[in-house]
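Please open the model in your viewer and keep the selection tool at hand, as this tour goes from one stop to the next and says at each what to select and what is there.

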Amino acid sequence: MPSVKPEISLKDLDKVDIRVGQILSVEGVTQSDKLVKLTVDFGDFQRTILVGMKEERNNPKEIEGQQALFVVNISAREMFGIKSQGILLDIGYQDGIVPVLAQPEKPVPNGSRAG
């Protein structure tokens with residue numbers, strides 16, 4: 001079992017904006033073997049978020065329509081000419097298992113904050 005990361009303060013955790021978003025669409029990024037482009041609805045706004053899941057799922061489109069947790073206040077990053085404006089939180093990747101989405105236990109309004 002991996003060790004716990006270094007301790008952070010509650011003030012540090014408060015800097016991270018984690019929200020529920022509904023995945024509206026999943027499109028392959030043709031120039032990449034790993035990336036797919038998600039269009040995500042956060043209620044008051046939508047974002048494009050690139051995720052490396054092509055090799056992890058037989059059909060990445062299976063997550064369309066689902067809600068998941070995303071970090072929305074991370075610096076945007078451009079890859080293959082597409083600006084990624086957040087990070088999808090998943091469970092398992094860091095531990096070498098096939099990742100699954102970090103999701104609310106029941107539907108909540110898009111844009112709801114975690115924490």
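The stops below go from the whole chain to its cores, then to single residues and the surface.

**Before you start**

This is a predicted model, in which local features need pLDDT of at least 70 and side-chain atom pairs count only at pLDDT 80 or more, while totals for chains, interfaces and linings use all residues. Residues are numbered from 1 along each chain as its sequence is written, and side-chain values use heavy atoms, with hydrogens and water left out.

**The whole chain**

Begin with the chain in cartoon view, where there are one helix and nine strands, following the pattern α-β-β-β-β-β-β-β-β-β along the sequence; helices (H or I, at least four residues) and strands (E, at least two) are DSSP runs, numbered from the N terminus. Along its principal axes the C-alpha trace spans about 40 × 35 × 30 Å. The radius of gyration of the chain is 14 Å, which agrees with the value near 13 Å for a compact globule of 115 residues; this radius is taken over C-alpha atoms, and the globule rule is 2.2 Å times the number of residues to the power 0.38.

Now switch on the surface, whose accessible area comes to about 7900 Å², with 50% of it belonging to carbon and sulfur atoms. Such areas come from the Shrake-Rupley method with a 1.4 Å probe, and for residues only the protein chains shown count as cover. Of the 115 residues, 34% count as buried, where buried means under 20% relative accessible area, exposed over 50%, and partly exposed in between (1.4 Å probe, protein chains only).

**The cores**

Next, select I23, L38, V51, I63, F70 and L88, which are the residues with the most contacts inside the largest nonpolar core, a set of 15 residues. β1 (18-28), β2 (35-41), β3 (46-52) and β4 (67-71) each supply at least two residues of this core, and the largest share, three residues, comes from β2. A nonpolar core is here a set of buried Ala, Val, Leu, Ile, Met, Phe, Trp, Tyr and Cys residues joined through side-chain atoms within 4.5 Å. In soluble globular proteins, nonpolar side chains tend to be buried together.

Which residues does V51 touch, not counting those up to four places away in sequence? They are K34, L35, V36, L38 and L88, with contact meaning heavy atoms within 4.5 Å. Apart from the largest core lies another one, of five residues, including V20, L69, V71 and A102.

**S25, E64 and G65**

Select S25 in strand β1, which counts as buried because its relative accessibility is 18%. Leaving aside neighbours within four places in sequence, S25 is in contact with K37, L38, T39 and E64.

Move on to E64, which is partly exposed at 31% relative accessibility and forms a salt bridge with K61, the closest N and O atoms being 2.9 Å apart; K61 is itself partly exposed, at 44%. A salt bridge is a side-chain nitrogen of Lys or Arg within 4 Å of a carboxyl oxygen of Asp or Glu, and the structure holds four of them.

G65 lies in the loop between β3 and β4 and touches Q22 and I23, with residues up to four places away in sequence not counted. If you draw a distance from the C-alpha atom of G65 to that of V26, 39 residues apart along the chain, you should find 9.7 Å.

**R57 and E62**

Another salt bridge joins the side chains of R57 and E62 (2.6 Å, N to O). Is R57 buried or exposed? With a relative accessible area of 17%, R57 is buried, whereas E62 is partly exposed at 43%.

**The helix and the surface patch**

Finish with helix α1 (residues 10-14), where L13 lies. L13 is partly exposed, at 44% relative accessibility, and together with I8, L10 and V16 makes a nonpolar surface patch of about 390 Å². Patches are made of residues with over 30% relative accessible area and no salt bridge, like charges being joined within 9 Å and nonpolar side chains (Val, Leu, Ile, Met, Phe, Trp, Tyr) within 5 Å.

The last selection is K15, in the loop between α1 and β1, whose side chain meets that of D12 in a salt bridge (3.7 Å, N to O). K15 is exposed at 57%, while D12 is partly exposed at 34%.
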